Each structure stands twice: as structure tokens, then as C-alpha cells.
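Below is a protein chain to look over. Please view it before reading the questions.

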Amino acid sequence: MMPMMPMMPMMLLHLSDTHFGTERPRVVEALVRFARVHRPQVVVLSGDITQRARRAQFRAARSFVDRLEAPNTLVIAGNHDIPLYNLPARLLSPYGGFLREFGALEPALETTELLVVCVRTTRRHRHVNGEVSAAQIDAVAQRLRRAREHQLRIVVTHQPLQVERARDAHDRLRGHEAAARAWSAAGADLVLGGHIHLPYVLPMHEQLPALPRHLWVVQAGTAVSERVREGIPNSVNVVRWDAAAATSPRGCWVERWDYQATMDAFAQVHRSALAIGPREATTPAAVRSD
């Protein structure tokens, strides 16, 4: 009898801020190659799919997502995916273009290893800032409470739940503290986001010490757009989850992959191993290696 092969960790590819209409064709092609080589089971695109919510930009974004050939894809809208200059569309059908190509504003996914719940944090009356309502916070918490023991529990927003730098505080999600407390109590492990084009992993449980579980804010940089910030190249995140090692701090890893022009390819530049679960049960909080 052949021995059973160990299961490989689940791989989720986290992209954000593609801003189609300002995309870099070489970076687009490099990311398509990356996805086809690494074959993530899940792709999450956390908003700002387009630059100006135009039909051609949404079509280009849809074509790009299809070319990644992932078995499961979840896409949410960012503030750039609501028409800015087309005021009738902004007032009467702010998500019309997005829905035409992607079909749902708050998609969710459940597999044996994973629960992903997406939250619409954009509002047509807000130009840039995002918010999460009490009803949304409660709905997400209820869904998280129904998760199974070994599922990695992920919430996806566009605007960040928390920021690293004080000067970015104005970009933080309105309602972030109430959301963090409720979602942590309900079992959330990661909150993925974008919007500010800065990649980082931040321990929300250190910002709010009363949180009962480790809660990690995982922000993606600029995936394929020319709108990079502060010398940071185009980048994406890879989340790996080994459900069999769910009681270990090394059960979950977040990797940052940057586009390197000299290679015309994405290369891993940083890896974080995250503690998952109740805070009393696992130490240290994180193990990082560059």
C-alpha cells in the first residue's frame, strides 16, 4: 500500500489596487505567469480594480482575473470602482459596472480549510474614505461564529482596518475598532485590505490588547498599476495555511512577492509566520524572516 502524501498548505493569492486603466502590461503578464506556476487555490482582489470605473477597464480586469485560472476568486469594489465623473451613474447605479463583470458586492467562500467573508466598505457618498456599519459588523461576526475548528477565518475589506503610520490614519476604515473587537471575538484570524498601496502585516491584537485572539491586518501593495508608492514596487501577498498545524504559530504564513524588473518576474522578499488562535494558546506572537 502506497504511503499517503502529506497535504500541501493551502495557498491564497492576495492582490489589490490593480487600477486597470493605469496597468503596466509587463507586470500584468508577470503576474499571470506567477499564478499559473504557483496555482493558488484562491485569489482575493481587495478593491480598486479599475482607475475610473469605466466599462473597458472593468472588462480588462475581468479578463485578467480569468487568466489567473484560479479555482476560486473573490473580488470586492474599491472607491475607484464607483464612477467619479459620471454623476448620474454614481447616484443611481454606483456599482453597475462592477456587478456586470463580478456579480456580487460581498462574496464569500467556504472550503474545508478556509472561510473568507468579504465586506463592502465603499459608499457612493464618500469619495475616498470607507466605513463598515453596525449591521455589517454583526453579519460578518455571525458568519465567523459558524466556522469550523480548522478553518482559517479571513475578512476582506478595501480600506485598512489599521495603519502602521500616524500620517495614514485618515485612510483607516471608519468603524475599525468596533469591527476588530467583534470579529476577533467571533473568531477572525486575518483581515485583508488594500487602498493605501502599502504592503505590511500588523498585529491588531497589540493595538487592542483586550482582543481574545490573534488578529492580523494584512495589507497588499499595488498589484499591477503604475500607481506605486514611495519606491515600493508592484507587489502581491501569498497566504499559506496548513490546517494540520493549526495549533502552531507556524501554521500560517504571509509572504510578500515584489515585481523585479531585472527578472521580469515576481520574487519573494519577505515572509512572516503568524500565530493563529486564542492569544493564551500560542507564543510568540509572530516569527519573521526576510
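The questions and answers that follow cover cysteines, nonpolar cores and backbone angles.

This is a predicted model, in which local features need pLDDT of at least 70, side-chain atom pairs count only at pLDDT 80 or more, and totals for chains, interfaces and linings use all residues. Residues are numbered from 1 along each chain as its sequence is written, and side-chain values use heavy atoms, with hydrogens and water left out.

Q: How many disulfides are there by the distance rule?
A: A disulfide is a covalent bond between the sulfur atoms of two cysteines. Here the rule is a pair of cysteine sulfur atoms within 2.5 Å. By that rule the count is zero.

Q: How far is the sulfur of Cys 118 from the nearest cysteine sulfur?
A: Cys 118 is in no disulfide. The nearest cysteine sulfur belongs to Cys 252, and the distance is 17 Å.

Q: Is Cys 252 buried or exposed?
A: Buried means under 20% relative accessible area, exposed over 50%, and partly exposed in between, with a 1.4 Å probe and protein chains only. Cys 252 has a relative accessible area of 0%. Cys 252 is therefore buried.

Q: Which helix supplies the largest share of the largest nonpolar core?
A: A nonpolar core is a set of buried Ala, Val, Leu, Ile, Met, Phe, Trp, Tyr and Cys residues joined through side-chain atoms within 4.5 Å. The largest one has 34 residues, and Leu 15, Phe 64 and Phe 266 have the most contacts inside it. Elements that each supply at least two of its residues include strand S1 (10–15), helix H1 (25–38) and helix H2 (55–67); helices (H or I, at least four residues) and strands (E, at least two) are DSSP runs numbered from the N terminus. The largest share, seven residues, comes from H1.

Q: Which tryptophan is in contact with Phe 266?
A: Contact means heavy atoms within 4.5 Å. Leaving aside neighbours within four places in sequence, the partners of Phe 266 include Val 27, Phe 34 and Tyr 259. Also among them is Trp 257.

Q: How many residues does the second, separate core have?
A: This core includes Ile 196, Leu 202, Leu 208 and Val 217. Its number of residues is 29.

Q: What is the phi of Asp 17?
A: Most residues other than glycine have a negative phi. Asp 17, in the loop between S1 and H1, is buried, with a relative accessible area of 0%. Its phi is positive although it is not a glycine, at about 55 degrees.

Q: Where is Asp 264?
A: Asp 264 has a positive phi near 50 degrees, and its relative accessible area is 19%. Its place is in the loop between S11 and strand S12 (265–274).
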